[in-house]
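Colleague: Hi! I have a spare half hour, so please walk me through this model.
Modeller: Happy to, here it is.

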Amino acid sequence: MQPKAIELRGWTTGSTRFPAICAPLVGRTRDRLLAEAAVVAAKRPDILEWRVDFFEGIGDAALVVKALAGIRQAAGGIPILFTRRSMREGGERITLSEEEVVALYRAVCGSGYVDLVDFEMDNRPGDVQAVREMSRAQGVQLILSFHDFQRTPSADVLAQRFAQAARLGADVAKVAVMPQGMDDVLTLLSATLRASKELDIPLVSMSMGRLGAVTRMCGWAFGSAMTFAVGEASSAPGQIAIEDVEASLALLQKAIRPQDL
């Protein structure tokens with residue numbers, strides 16, 4: 001069974017390579033962010049993720065949209081993923097209330113500068129529904145995500161998380177967990193393979209940290225449509241440089257072709 005690709009306006013994972021390589025942007029000021037975007041875009045990842053929780057101006061929606069416009073220009077056509085990661089799931093501390101976060105997503109979805117947004121499935125149900133409705137209205141793909149930076153839940157719990165994202169209306173389901181041993185890495189890969197057979201939407205998964213780094217290179221063989229790699233600075237433990245991820249993917253795909261899975 002061929003892994004499910006992420007489809008955006010005029011672009012599909014697998015049209016150039018599978019999985020998509022996503023590189024984070026974590027600049028804290030607009031000037032730093034745009035300089036980072038130019039450097040990372042030159043390495044030609046498939047997607048640029050702006051982790052807005054690192055941004056000092058996150059409290060000013062107009063400034064966020066202005067920064068997005070600059071990222072869009074620097075990206076040179078590379079799709080943009082917008083993410084606010086909460087502290088409970090490994091993000092930076094911010095001063096916005098959850099109501100203000102939802103309002104920020106509304107401004108971002110309506111800006112025309114983003115192709116995907118990531119929102120955590122454990123956010124308040126009303127907020128998840130609101131972001132689902134606003135993203136759909138603007139033609140923006142929604143990733144509903146779950147992160148556990150402490151441990152790896154059981155395979156059944158991980159399967160439930162993928163299914164929960166689909167049930168809530170995600171276009172893409174994402175799960176990222178921390179392994180305590182290689183058994184946990186196998187649990188994550190097994191749950192991804194199971195979900196890829198059971199669900200109709202694309203999946204993104206990774207096991208974090210040093211032990212989980214292998215999943216960033218081989219997760220696609222188990223159904224993960226995207227992997228995250230460092231363009232200039234990492235946003236999570238275990239991320240690997242774009243160049244190294246590209247090399248490892250090329251090596252593995254000499255033996256295993258995505259279309260044969």
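Modeller: Let's settle a definition before we start: two strands pair if DSSP finds at least two bridges between them. Helices (H or I, at least four residues) and strands (E, at least two) are themselves DSSP runs, numbered from the N terminus.

Colleague: Good. Which residue stands opposite Phe-82 in E5?
Modeller: That is Trp-50. E4 and E5 run parallel and are joined by four bridges.

Colleague: Any ground rules for the values?
Modeller: This is a predicted model, where local features need pLDDT of at least 70 and side-chain atom pairs count only at pLDDT 80 or more, while totals for chains, interfaces and linings use all residues. Residues are numbered from 1 along each chain as its sequence is written, and side-chain values use heavy atoms, with hydrogens and water left out.

Colleague: Back to the sheet, then. In what order do the nine strands come?
Modeller: The order is E9-E8-E7-E6-E5-E4-E3-E10-E11, with parallel pairing, and the sheet is open. Strand E9 (203-207) and strand E11 (240-241) stand at the edges with a single partner strand each, so one side of each has no neighbour in the sheet.

Colleague: And how many bridges join E3 to E4?
Modeller: Four bridges join strand E3 (residues 20-25) to strand E4 (residues 47-51), and these two run parallel. Within that pairing, Cys-22 stands opposite Ile-47 in E4.

Colleague: Which strands does helix H5 touch?
Modeller: Helix H5 (residues 155-167) packs on the sheet, where it touches strand E7 (141-148), strand E8 (172-177) and E9. Contact means heavy atoms within 4.5 Å.

Colleague: Which H5 residues are buried?
Modeller: Leu-158, Ala-159, Arg-161, Phe-162, Gln-164 and Ala-165 are. By buried I mean under 20% relative accessible area, with exposed over 50% and partly exposed in between (1.4 Å probe, protein chains only). The buried residues of H5 pack against E7, E8, E9 and helix H6 (182-198). Just after H5 comes Gly-169, with a positive phi of about 95 degrees.

Colleague: How about H4, what do its buried residues pack against?
Modeller: They pack against H3, E6 and E7. The buried residues of helix H4 (residues 125-137) are Asp-127, Val-128, Ala-130, Val-131, Arg-132, Met-134 and Ser-135. Just after H4, Gly-139 has a positive phi of about 70 degrees.

Colleague: Changing topic: how many aromatic pairs are there?
Modeller: Searching the whole structure gives four aromatic pairs. One of them is Phe-82 with Tyr-105, edge-to-face at 5.3 Å centre to centre and 80 degrees between the planes. Rings of Phe, Tyr and Trp (its six-membered ring) pair if their centres lie within 6.5 Å; planes under 30 degrees apart count as stacked, over 60 as edge-to-face and the rest as tilted.

Colleague: Where do Phe-82 and Tyr-105 lie?
Modeller: Phe-82 is in strand E5 (residues 80-83) and Tyr-105 in helix H3 (residues 98-111), so the pair ties together parts 23 residues apart in sequence. Both Phe-82 and Tyr-105 are buried.

Colleague: Which ring does Tyr-105 pair with besides that one?
Modeller: Phe-119, again edge-to-face: the centres are 5.1 Å apart and the planes make 70 degrees. This pair links distant parts of the chain, from Tyr-105 in helix H3 to Phe-119 in strand E6 (residues 116-120), 14 residues apart.

Colleague: What are the accessibilities there?
Modeller: Tyr-105 counts as buried because its relative accessibility is 0%. Phe-119 is buried too, with a relative accessible area of 1%. Ring pairs link Trp-50, Phe-55, Phe-82, Tyr-105 and Phe-119 into a cluster.

Colleague: Phe-82 again: which way do the E5 residues point?
Modeller: Ile-80 and Phe-82 point one way from E5, Leu-81 and Thr-83 the other way, and all are buried.

Colleague: Any oddities in the backbone?
Modeller: Arg-44 has a positive phi of about 55 degrees, although it is not a glycine. This arginine lies in the loop between H1 and E4, and counts as partly exposed because its relative accessibility is 47%.

Colleague: Last one: is Ala-35 in H1 buried or partly exposed?
Modeller: Partly exposed, with a relative accessible area of 38%. Ala-35 lies in helix H1 (residues 30-41). The C-alpha atoms of Ala-35 and Tyr-113 are separated by 18 Å, with the two positions 78 residues apart along the chain.

How values were computed
Axes fitted to C-alpha atoms, helices over the stretch in contact; angles between N-to-C directions. Expected span 1.5 Å × (residues − 1).
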